[in-house]
Amino acid sequence: MGTIEGYLFNDFNGNMKKDPGEKGIPGIKIMLEDGSTTITDKDGKFKFSNVIEGFHRVSLDERRIPANFYIIEPTKKKIEVKARKTHKVNFILIEGATISGKVINDINRNKKIDKNEKGVKDVLVLLKPVEKEMKAKEKYFYGMILNTYTNSKGEFLFEDILPGEYLLYIDSKSLPKWTVFVTSQAIKIKVSPGQKLENQNFFVLIKPRPIIIYRK
């Protein structure tokens, strides 16, 4: 008989190892192919004792994973158990990030939000992944261009974003007529696991509509 044990944890620095301070995920079912189950404890640890020798499949019940976490490796792992040995098996999650900001009508063009300056509603904001080397599991998430619209206050929000590098930009066609950019139309950003990246603001100027006088 042997033992299988390990952790289900949030890989905060993305190095695929459990480092000091990285928190475990409690209350998640871990299963063996013979129907045996256990639940991760408050530290994300699980353990199967008295496992017969030979090959076994350890599985993670991904249906119970919180929505703000990404699974970036296989949820089923094969392991050979040897007599009187303890075998380590970890399951790694990465917590999604949050990106927020505003689109502001910057009347005085000072690139700051002044009291009399309001947000611009119904502006299409997009989040495009920057091409890079990635694992097959990540390609699905990184392949998507996300989008959202600003609310009545000009605010936008992207939640549960897979950590990585992105281009955050505005669809200029969604801006009111006679609008020009005070700051860049695009921002290159990098987000870490669980990070709340705020104040990613865009400043524009909505010019008064030209008055055309027709003379006879």
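This section describes a four-stranded sheet, the nonpolar cores and the surroundings of one strand residue in a predicted model.

The sheet is open, and its four strands follow the order β12-β11-β14-β16 with antiparallel pairing. Strands β12 (146-149) and β16 (186-191) form the edges; each has a single partner strand, so one side of each is left without a neighbour in the sheet. From one strand to the next, the twist averages 25°. Strand β14 (residues 164-170) runs antiparallel to β16 and is joined to it by six bridges. Leu-167 has Lys-188 of β16 as its bridge partner.

The largest nonpolar core comprises 23 residues, and those with the most contacts inside it are Ile-99, Val-103, Leu-127, Phe-158, Tyr-166, Leu-168 and Ile-189. Two or more residues of this core come from each of β10 (97-105), β11 (124-129), β13 (155-161), β14, β16 and β18 (202-206). When neighbours within four places in sequence are set aside, the contacts of Leu-127 include Ile-99, Met-144, Phe-158, Tyr-166, Leu-168 and Ile-189. A second core, separate from this one, contains 19 residues, among them Val-51, Phe-69, Val-89 and Leu-93.

Ala-186 lies in strand β16. Its relative accessibility is 30%, and Ala-186 therefore counts as partly exposed. Although Ala-186 and Tyr-169 are 17 residues apart in sequence, their C-alpha atoms are 4.1 Å apart in space. Beyond its neighbours within four places in sequence, Ala-186 is in contact with Leu-167, Leu-168, Tyr-169 and Phe-202.

Definitions and conventions
Residues numbered from 1 in each chain as written. Predicted model: local features only at pLDDT ≥ 70, side-chain atom pairs only at ≥ 80, totals over all residues. Heavy atoms only, no water. Pairing = 2+ DSSP bridges. Axes fitted to C-alpha atoms, helices over the stretch in contact; angles between N-to-C directions. Core = buried A, V, L, I, M, F, W, Y, C linked by side-chain atoms within 4.5 Å. Buried < 20%, exposed > 50% of the residue type's maximum accessible area, 1.4 Å probe, protein only. Contact = heavy atoms within 4.5 Å.
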